[in-house]
Amino acid sequence: MFVRVCEIMAIPKAIIRFMPEQHDVRRALDDAMALCRTILPAGQDDALGNAQIVLAEALNNVAEHAFAQLDLVEARLTAKLETGRLLVTIRDRGQAMPGLRIPEARHHDLSGDPADLPEGGFGWMLIHELTDEIRYDRINGVNRLRLWFQLTGSGEGPRLPQ
C-alpha cells in the first residue's frame with residue numbers, strides 16, 4: 001500500500017517524500033509547489049514558475065529513467081532558502097545518470113516540418129535554461145540533484161528559454 005507523506009519539518013525548509021511512480025509525479029509536483037510557496041517570500045513569481053517547470057521535468061525523469069526496471073523505493077525532495085536563492089534537492093536510489101553527469105542541454109532546430117520534430121529531448125534544455133545552478137552527485141547509491149533558482153521578485157512570471 002502506498003502512503004504519501006508530505007510534511008513541513010521547519011520553516012524555511014520543506015520536505016516531501018514520494019514514490020517515483022509515473023502516476024504520482026503530478027501529486028508530488030503539486031506538493032512541492034505548495035511547499036515552495038510556503039517558504040518563498042512574496043513576489044517570487046519568477047522563481048516559483050521556473051521551479052514548477054523544472055521540477056515537472058526532473059520528477060518525470062526520476063520516474064521514467066532512474067527507476068526503469070528497478071523496484072521502487074521512496075524518493076525525497078527538499079526545498080529551502082539559501083542566500084537569495086531557492087534550493088530544491090531531489091534524492092533517490094534509482095539508477096545513476098549516464099556517466100555520473102548532468103545531461104547537456106540539447107538545442108533542436110525547430111524550423112522544419114512539425115511532424116519531423118523529435119518527441120522528446122527538450123527537458124534538460126529547459127532545466128539548464130530555467131535554473132541558476134545545477135549539481136548532481138551519487139554517493140552510496142543515492143542520486144542527489146540540486147537545483148538553484150534565483151529569487152528576483154519581479155513578478156513577471158517564468159523566464160522562458162530564448
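**View 1. Polar contacts of the N143 side chain in the predicted model.** The side chain of N143 forms a polar contact of 2.5 Å with the side chain of Y136. A further polar contact, at 2.9 Å, links the side chains of N143 and R138. A polar contact is a pair of N or O atoms within 3.5 Å; within protein, one must be able to donate a hydrogen and the other to accept it, and residues adjacent in sequence count only if both atoms are side-chain atoms. Residues are numbered from 1 along each chain as its sequence is written, and side-chain values use heavy atoms, with hydrogens and water left out. Because this is a predicted model, local features need pLDDT of at least 70 and side-chain atom pairs count only at pLDDT 80 or more, whereas totals for chains, interfaces and linings use all residues.

**View 2. Surroundings of N143 in strand β6.** Strand β6 spans residues 142-150 (strands are DSSP runs of E, at least two residues, numbered from the N terminus). N143 is buried, at 4% relative accessibility (buried means under 20% relative accessible area, exposed over 50%, with a 1.4 Å probe and protein chains only). Leaving aside residues up to four places away in sequence, N143 touches I90, R91, D92, G94, Q95, A96, M97, Y136, D137 and R138, a contact being heavy atoms within 4.5 Å.

**View 3. Loop residue T83 with positive phi.** T83 lies in the loop between β3 (75-82) and β4 (85-92). Its phi is near 40 degrees, and T83 is exposed, with a relative accessible area of 75%.

**View 4. Loop residue N140 with positive phi.** N140 is located between β5 (133-139) and β6, in the loop. Phi of N140 is near 50 degrees, a positive value in a residue other than glycine. The relative accessible area of N140 is 71%, so N140 counts as exposed.

Definitions and conventions
Helix = DSSP H or I, 4+ residues; strand = E, 2+ residues; numbered from the N terminus.
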